[in-house]
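Trainee: I should like to go through this structure with you, beginning with its surface. May I put my questions one at a time?

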Amino acid sequence: MTDQHTDISHHTPLQRFLQWREKHITDKQFTLLLSFFVGFFAAVAAYVLHWIIDEIGKLLMADFDISSINWLYLLYPVIGIYLTSLFVRHVVKDNISHGITRILYAISRKQSRLRGHHCWSSVIASAITIGFGGSVGAEAPIVLTGSAIGSNLGQVFKMDNRTLMLLVGCGAAAAIAGIFKAPIAGLVFTLEVLMIDLTMASLLPILVASVTAVLFSYVFNGSDSLFVFTNVTSWQLDRVPAYILLGVFGGLVSLYFIRTMTACENIFAKLGENHYAKLVLGGVVLSTLIFLFPSLYGEGYGSINILLNGKTEADWNMVLNNSLFYGNGQLLVLYIALVLLTKVFATSATNGGGGCGGTFAPSLFIGAFAGFLFARVWNIEQIGVYIPEGNFAMLGMAAVMAGVMHAPLTGIFLIAELTGGYQLFIPLMVVSIFAYLTIIIFEPHSIYGMRLAREGKLITHHTDRAVLTLMSLKSIIDHTYTAVNTDMKLGALVHALSRSKSNQLPVLDDAGNLLGEVDITKIRHVVFRSELYQHFTVAQLMSQPSAILGVNDSMEEVMAQFDRTHAQMLPVLNTDNHFIGYISRTHMYATYRQMVADLSAE
């Protein structure tokens, strides 16, 4: 009794809490409790980020004159991305770009484990970038922050991998829900984009996190929303052709956005670790574009609200403020089109030059401009029945979001919740579906999943593929083997076989290179004849393996090799082509079946 008391007294407070929790609180109950705290902390992070952005913006732009050119547009963005790059390189010392892609990678390759610094680093980095005018969004950094909070809370309290994945989803849902005050959109985003499977076990925690984040966002920010939208007219049946065409147009704009973004990223990637070259290139492009088109400054939500709520030409011409186009309302269509085309370059230059931000807000921005442009050209050319520009700016946001993210439901619910545009629910569905149907002809994956899909690292809703993605090749390699060399006599080989637990013995040279293998099932005719023990060598008895696996092969490739060769064991080589062990077909399938069972369990 004394010993037991002594052991417990040496436990940390966390260990004592975990022991108490296991006795008094079930895993499901504790997961719900954690999801509440994830929602709260995600709402706090979103509030802090937007507060910092607003304060920096007020400080820098307090004396700007809307009727004249402001030369500081050439300077501020460069300062922002330079300060961000210094912060990332010298303080964070880790890559924090592509936040949502990073979450997908953590889910598929790291058992949903995100590093602790992601709980704060993205907030600070993106606040500096956007506050100084970087043409990116704050949503992806907050989604990464929320997911990191969920992951690290789960790790602190020793939750299993499945629960960690769920808490990552809770953090992402809470981030979206908190930023936009849109709980259903947060839930749907997690299911569509992060591809967390919808089960009763996952639905409730995600909803708890989303609703908690929304409620605390109201506490912190009041009832104000990011976008204000007043529906001009309810939807009409004779506008359906325009809705369909807008959906197709939104899908093509999404394709332009994804392809151009990828091409720009490749250009910056070729500069390698030359940070100053990236800064110069990114800074010149970004500053020039913002100077010419001030609407590209920051997230651009002010311009979106102008397009959504404008009633007269004077209202919409406010988009031209601070620009060379000011006072030239007849050039509004040209300005809108040029901003639409250049936004992707401004976003790429911001991130490529060293800034930190996401593509979530840029897709909303481009969508609003695309929808307004579509409606304005339609009405100017009098193609058909009149369509309200404000309504179509809102519908364009849903269309481009659905296309860029391959998430039509997220586009529908986010824009409906965000703008209160529920009266336009059917048009939102039409444009989102047609945008998605258009984009999948050209791009099978979203802008977030595209990079991972090319590397075979993207988890999907298909349970079998998801399991293959989650399985780690390195975890099923058997490193316990008995190696032999080509000069070994049959007698010594028999002795080696008696010590081996496997039917296969690798034949290696002095450098560890695989020369072949000895399969006991193929040499039964000589192995029991002692009179031959000095007459045969391993070189005469070895054979070549049916296939050779690489340590970086995907599990789909490994499965395909086993199916093709019908082998029971296959050798694995490392990146230097040195033998490191065998993979057993039996062990691999046993692991696979167990993971399918775990992933399918409620």
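Trainee: Which helix gives the most residues to the nonpolar patch on the surface?

Mentor: The model is predicted, so local features need pLDDT of at least 70 and side-chain atom pairs 80 or more, while totals for chains, interfaces and linings use all residues. Residues are numbered from 1 along each chain as its sequence is written, and side-chain values use heavy atoms, leaving out hydrogens and water. The patch includes Leu252, Ile426 and Phe442, and its residues together have about 690 Å² of accessible area (Shrake-Rupley method, 1.4 Å probe, only the protein chains shown counting as cover). With 7 residues, the main contributor is helix H19.

Trainee: Is Ile433 buried, partly exposed or exposed?

Mentor: Ile433 lies in helix H19 (a DSSP run of H or I, at least four residues; strands are runs of E, at least two). Buried means under 20% relative accessible area and exposed over 50%, with a 1.4 Å probe and protein chains only. Because its relative accessible area is 38%, Ile433 is partly exposed.

Trainee: Which strands stand at the edges of the open sheet?

Mentor: The sheet has 4 strands in the order E1-E6-E5-E4, with mixed pairing (two strands pair if DSSP finds at least two bridges between them). Each edge strand has a single partner, so one side of it is left without a neighbour in the sheet; these are E1 (477-478) and E4 (549-550).

Trainee: Which residue in E6 is the bridge partner of Pro571?

Mentor: Strands E5 (residues 569-573) and E6 (residues 579-584) pair in the antiparallel sense over 5 bridges. For Pro571, the bridge partner in E6 is Tyr582.

Definitions and conventions:
Patch = residues over 30% accessible without salt bridge, like charges linked within 9 Å, V, L, I, M, F, W, Y side chains within 5 Å. Salt bridge = Lys/Arg side-chain N within 4 Å of Asp/Glu carboxyl O.
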